[in-house]
Amino acid sequence: MKEMIATHPDVKGSTNDALIRCLEECYSCAQTCTSCADACLAEEMVAQLRQCIRLNLDCADICLAAGSLGTRRTGSNEQALVAALQACAIACGLCAEECEKHASMHEHCRICAEHCRRCEQACNEAVQSIR
């Protein structure tokens with residue numbers, strides 16, 4: 001991703017490494033959350049996992065949106081980007097918290113919680129690098 005973003009005429013080779021790491025974490029987290037939601041749906045105790053599934057899907061959507069905003073380099077959208085990254089960090093924190101409740105019983109929830117925590121941290125670091 002860094003190589004591609006560096007070629008953008010508005011960037012002129014000067015990339016924000018914290019933001020690029022965040023974008024990579026956002027896309028990875030979106031995939032992980034989507035997979036976790038699907039795995040939760042396959043569990044026998046699916047009724048007890050409803051909130052986890054909802055948060056997985058919400059988190060995946062927000063991660064994708066934040067990743068898309070950060071990937072597009074046209075114009076100066078820093079205020080919108082910061083808001084999206086902050087929302088992503090919040091969604092990741094909530095999803096991680098819920099997945100952690102199920103992590104001892106479901107490996108997919110443990111893995112998802114770890115990905116969400118990494119994305120949450122990366123989003124917070126990217127916000128600081130932009131301000």
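**Group meeting: a five-helix chain and its glutamate 98**

Let me open with a single pair of side chains: glutamate 98 and histidine 102 make a polar contact through their side chains, at 2.9 Å. Please bear in mind throughout that this is a predicted model.

Where does glutamate 98 lie? The residue belongs to helix H4, which covers residues 78-102. Is glutamate 98 buried or exposed? Its relative accessible area is 10%, and because the cut-off for a buried residue is under 20%, glutamate 98 counts as buried. Which residues does glutamate 98 touch, once its neighbours within four places in sequence are set aside? Those contacts are with Gln51, Cys52 and Leu55.

I turn now to the chain as a whole. The protein chain contains five helices and zero strands, and its pattern along the sequence reads α-α-α-α-α. Of the 131 residues in the protein chain, 42% are buried. If one takes the contacts in the protein chain with a separation of 6 or more, 71% of them join residues 24 or more positions apart.

Next, the packing of the helices. Two packed helices are described by the angle between their axes together with the distance between those axes. I shall take two pairs, each of which involves helix H2.

The first pair is H2, residues 17-42, with H3, residues 50-71. Their axes are 8 Å apart, and the packing angle is about 155 degrees. Angles over 145 degrees count as roughly antiparallel, and H2 is therefore roughly antiparallel to H3. The crossing of H2 past H3 is left-handed. What classes of residue form the contact of H2 with H3? There are 19 nonpolar and six polar residues, with no charged residues.

The second pair is H2 with H5, the helix of residues 107-130. Here the axes come within 8 Å, crossing at roughly 155 degrees. By the cut-off already given, H2 is therefore roughly antiparallel to H5. In this pair, too, H2 makes a left-handed crossing, now past H5. How do the residues of the contact of H2 with H5 divide by class? The division is 18 nonpolar, five polar and four charged.

To summarise, H2 is roughly antiparallel to H3 and roughly antiparallel to H5. No charged residues occur in the contact of H2 with H3, whereas the contact of H2 with H5 has four. In helix H4, glutamate 98 is buried, and its side chain makes a polar contact with that of histidine 102. Thank you for your attention.

Note on methods:
Residues numbered from 1 in each chain as written. Predicted model: local features only at pLDDT ≥ 70, side-chain atom pairs only at ≥ 80, totals over all residues. Heavy atoms only, no water. Axes fitted to C-alpha atoms, helices over the stretch in contact; angles between N-to-C directions. Helix = DSSP H or I, 4+ residues; strand = E, 2+ residues; numbered from the N terminus. Parallel < 35°, antiparallel > 145°, perpendicular 65-115°, else oblique. Left-handed = near helix turned anticlockwise from the far one by under 90°. Nonpolar A, V, L, I, M, F, W, Y, C, P; charged D, E, K, R; others polar. Buried < 20%, exposed > 50% of the residue type's maximum accessible area, 1.4 Å probe, protein only. Polar contact = N/O pair within 3.5 Å; in protein donor to acceptor, adjacent residues only side chain to side chain. Contact = heavy atoms within 4.5 Å.
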